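Please find below a colleague's note on the structure, set out as numbered points. Each point takes up one topic.

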Amino acid sequence: MAPSPVVERSCPICGSRTCEHVMELPDHQGTEVFGLSRCVACDGLFLNPAPPAEAMARYYETFAGPTMHNPGHPVFDWLRGVAIRRELSPLLKRLADAAVIADVGAGDGQVVSFLHQQGRACLACETFPEVEWRLKEIPYCQIDLNGPLTTMLPAEGAILRHVLEHVHEPARVLAWLRRSGVRYLFVVVPNASSPFARLFGQYWAHWDPPRHLTFFTPESLRLVAERNGYREVAMCDHGIDEFVTSLYRARMIRWMRQDHGPSARSPWWNVLLHPKSLPAAISSALWAPLASTALCRLFELSGDAAFEG
Ligand SMILES: [Zn+2]
């Protein structure tokens, strides 16, 4: 497969065009290599250059893609349920039951199912057409976060779990939520200042280029939120697996560099080590109270925005 064209990016946190190259990041689901840049103005880390938004679909359609969309190991799903229940409590205690909570990037619907069971008004948002949404009892809205974002989001709270690192312009998404009048944002992103990011170097699982485009630290997440009119009001960071999935990424990078031909089957360890496997779930459970792999923050609309988005 021929490489996609790539475009130079300005800093997705502050908009500066001055950045320095940090290291090369290979795609572990393909053969392309991308660059990691650091913004000189704000220290923000981002993929640069990167494929343009309209070229991204192919990077989600590798043989590892179906593995990611299928349900995980039951222990993985159970742990995710426990994590969601704990993570969402700072948001839920601030909103009345009738206040609509939008899960932006609803995926397989586990979060909105939980909210629905709790008697909460909720809205699922994803990129695919409504006919593909399975949970018909829960309202659905098709949204492309890289698109024009002209329709306002009819919600008082918004959940963005593992979403902002995937979009080309996270600041534009936050500005749209502010324009929509969303009072509370609950955000989960990988923590690029985790000590394991330094330990594993280019093999750290959560670089995941080019699907991940912006790599947040506690400081850069707070900065981009503040610049777009949101102040941080609560945090509940936790550890998720970085060992099994970084080992998986390292093996995948080596495997991709060998010539397997277009009909190659996935290797045996793809099942054992993939990010929804039992070993990854056990590792996540062990690290949950000890590490801060996932920045898990609640923001409240403050109205003070540095820029009109
Ligand atoms: Zn910057």
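1. Backbone after α6. G229 directly follows the end of α6 and adopts a positive phi of about 95°. This value, like the others in the note, comes from a predicted model. Within α6 itself, the buried residues are P218, S220, L221, V224 and A225. An α-helix has 3.6 residues a turn, so residues three or four places apart point the same way. The helix α6 (218-227) is also listed among the elements that give two or more residues to the largest nonpolar core.

2. Zinc site. Four cysteine sulfurs coordinate the zinc ion at 2.3 Å, namely the SG atoms of C11, C14, C39 and C42. The angles among the four donor atoms run from 104 to 114°, and the site is tetrahedral. This assignment follows because all angles of a tetrahedral site must lie between 85 and 135 degrees, and the range of 104 to 114° satisfies that condition. Along the chain the donors follow the spacing C-x2-C-x24-C-x2-C. C11 belongs to the segment before β1 (19-26), whereas C39 is in strand β2 (residues 33-39), so this pair ties together parts that are 28 residues apart in sequence. C11 counts as buried, at 4% relative accessibility. C39 counts as buried as well, at 1% relative accessibility.

3. Open sheet. Four strands, in the order β1-β2-β3-β9, make up an open sheet with antiparallel pairing. Its edge strands are β1 and β9 (214-215), each of which pairs on one side only. The antiparallel strands β1 and β2 are joined by seven bridges, and a hairpin of six residues connects them. Among the bridge partners, E24 is matched with G35 of β2, and M23 with L36 of β2. In a regular strand the side chains alternate between the two faces of the sheet.

4. Largest nonpolar core. This core contains 35 residues, and those with the most contacts inside it are L145, L153, L160, L164, V173, L177 and L185. The elements that give two or more residues are β4 (101-104), β5 (122-126), β7 (157-161), α4 (170-179), β8 (184-190), α6 (218-227) and β11 (294-305). Of these, α4 gives the most, with four residues. Apart from this core lies another of 26 residues, including A99, I101, C122 and Y184. In soluble globular proteins, nonpolar side chains tend to be buried together.

5. Contacts of L185. Which residues does L185 touch, not counting residues up to four places away in sequence? They are A158, L160, L174, L177, Y230, R297, L298 and F299. Two of these, L160 and L177, are listed with L185 among the residues that have the most contacts inside the largest nonpolar core.

6. Salt bridges linking separate parts of the chain. The structure holds 11 salt bridges. One of them joins the side chains of R58 and E32, with an N to O distance of 3.8 Å. R58 is in the loop between β3 (45-47) and α1 (64-69), and E32 is in the loop between β1 and β2, so the pair ties together parts that are 26 residues apart in sequence. R58 counts as partly exposed at 22% relative accessibility, whereas E32 is buried, with a relative accessible area of 13%. The side chains of R161 and E87 form a salt bridge at 2.9 Å, N to O. Here R161 lies in strand β7 and E87 in helix α2 (residues 74-92), so the pair ties together parts that are 74 residues apart in sequence. Both R161 and E87 are buried.

7. Remaining salt bridges of note. E169 and R172 form a salt bridge in which the closest N and O atoms are 3.5 Å apart. E169 is partly exposed, with a relative accessible area of 45%, and R172 also counts as partly exposed, at 25% relative accessibility. In addition, D27, D208 and R211 are joined into one network by salt bridges that share partners.

Technical notes:
Residues numbered from 1 in each chain as written. Predicted model: local features only at pLDDT ≥ 70, side-chain atom pairs only at ≥ 80, totals over all residues. Heavy atoms only, no water. Donors = N, O, S within 2.8 Å, 3.2 Å for Na, K, Ca; no water. Tetrahedral: all angles 85-135°; square planar, octahedral: opposite > 155°, others 65-115°. Buried < 20%, exposed > 50% of the residue type's maximum accessible area, 1.4 Å probe, protein only. Pairing = 2+ DSSP bridges. Core = buried A, V, L, I, M, F, W, Y, C linked by side-chain atoms within 4.5 Å. Contact = heavy atoms within 4.5 Å. Salt bridge = Lys/Arg side-chain N within 4 Å of Asp/Glu carboxyl O.
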